[in-house]
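Here's a quick briefing for anyone meeting this structure for the first time. Have a look at the model, then read on.

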Amino acid sequence: MSPIGSENDKGATGAAKFVTSTLGNTVGGLGRTVGGVVGAGGRGLGQTITGATGSAGKPVGEAIESLGNGVENGANGVSKGVEDAGKWK
């Protein structure tokens, strides 16, 4: 397979690669943004719960932080896959 923008990417193939690359990068970027927002929100909420309740609420706060981190990591992985697919990898 040739890289995007090579001499072999003419006509319909070139147009398809341009569209899928643009779409893949856009969707991947949005996925990373949403994942980052959810991850940061989960960490913030978890730290607030831990801070407000002390040791009694620490397990719940840490669980919420972990959940936010998991969503962020998952969204980043999916976004990378979408971007790679847009690059025809």
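What follows is a short tour of the helices, the buried residues and the side-chain pairs.

This is a predicted model, where local features need pLDDT of at least 70 and side-chain atom pairs count only at pLDDT 80 or more, while totals for chains, interfaces and linings use all residues. Residues are numbered from 1 along each chain as its sequence is written, and side-chain values use heavy atoms, with hydrogens and water left out. The protein has two helices and zero strands; helices (H or I, at least four residues) and strands (E, at least two) are DSSP runs, numbered from the N terminus.

**Helix 1**

- Helix 1 covers residues 11–53, and its end C-alpha atoms are 63 Å apart, which agrees with the 63 Å its 43 residues should span at 1.5 Å a residue. The expected span is 1.5 Å times one less than the number of residues.
- Plenty of glycine shows up among its buried residues, including Gly-14, Gly-24, Gly-28, Gly-35, Gly-39, Gly-42 and Gly-46; Lys-17 and Ser-21 are buried there too. Buried means under 20% relative accessible area, exposed over 50%, and partly exposed in between (1.4 Å probe, protein chains only).
- Helix 2 (58–86) is included in what covers those buried residues.
- Right after helix 1 comes Gly-54, with a positive phi near 70°.

**Helix 2**

- Helix 2 has 29 residues and reaches 42 Å from its first C-alpha to its last, close to the 42 Å expected at 1.5 Å a residue.
- Its buried residues are Gly-61, Glu-65, Gly-68, Glu-72, Ala-75, Ser-79, Glu-83, Asp-84 and Gly-86, and they pack against helix 1.
- Following helix 2 is Trp-88, whose phi is positive, near 60°.
- Trp-88 also has company: the charged end of Lys-17 sits over its ring, 5.0 Å from the centre. For that to count, NZ of Lys or CZ of Arg must be within 6 Å of the ring centre and within 35 degrees of the ring normal.

**Salt bridges**

- The structure holds four salt bridges, each being a side-chain nitrogen of Lys or Arg within 4 Å of a carboxyl oxygen of Asp or Glu.
- One of them joins Arg-32 and Glu-83 (2.9 Å, N to O). Arg-32 lies in helix 1 and Glu-83 in helix 2, so the pair ties together parts that are 51 residues apart in sequence. Arg-32 is partly exposed at 32% relative accessible area, whereas Glu-83 is buried at 14%.
- Another links Lys-80 with Asp-84, with the closest N and O atoms 2.9 Å apart. These two are four residues apart in helix 2, about one helical turn. Lys-80 is partly exposed at 45%, while Asp-84 is buried at 19%.
- Lys-58 and Glu-62 also form a salt bridge, their closest N and O atoms being 3.8 Å apart. Being four residues apart in helix 2, they too are separated by about one helical turn. Lys-58 counts as partly exposed at 40% relative accessibility, and Glu-62 is partly exposed at 40%.

**The whole protein**

- Buried residues make up 24% of the 89 residues.
- Of the contacts (heavy atoms within 4.5 Å) with a separation of 6 or more, 58% come from residues 24 or more positions apart.
- The accessible surface comes to about 5,500 Å², and 67% of that belongs to carbon and sulfur atoms. Accessible areas come from the Shrake-Rupley method with a 1.4 Å probe.
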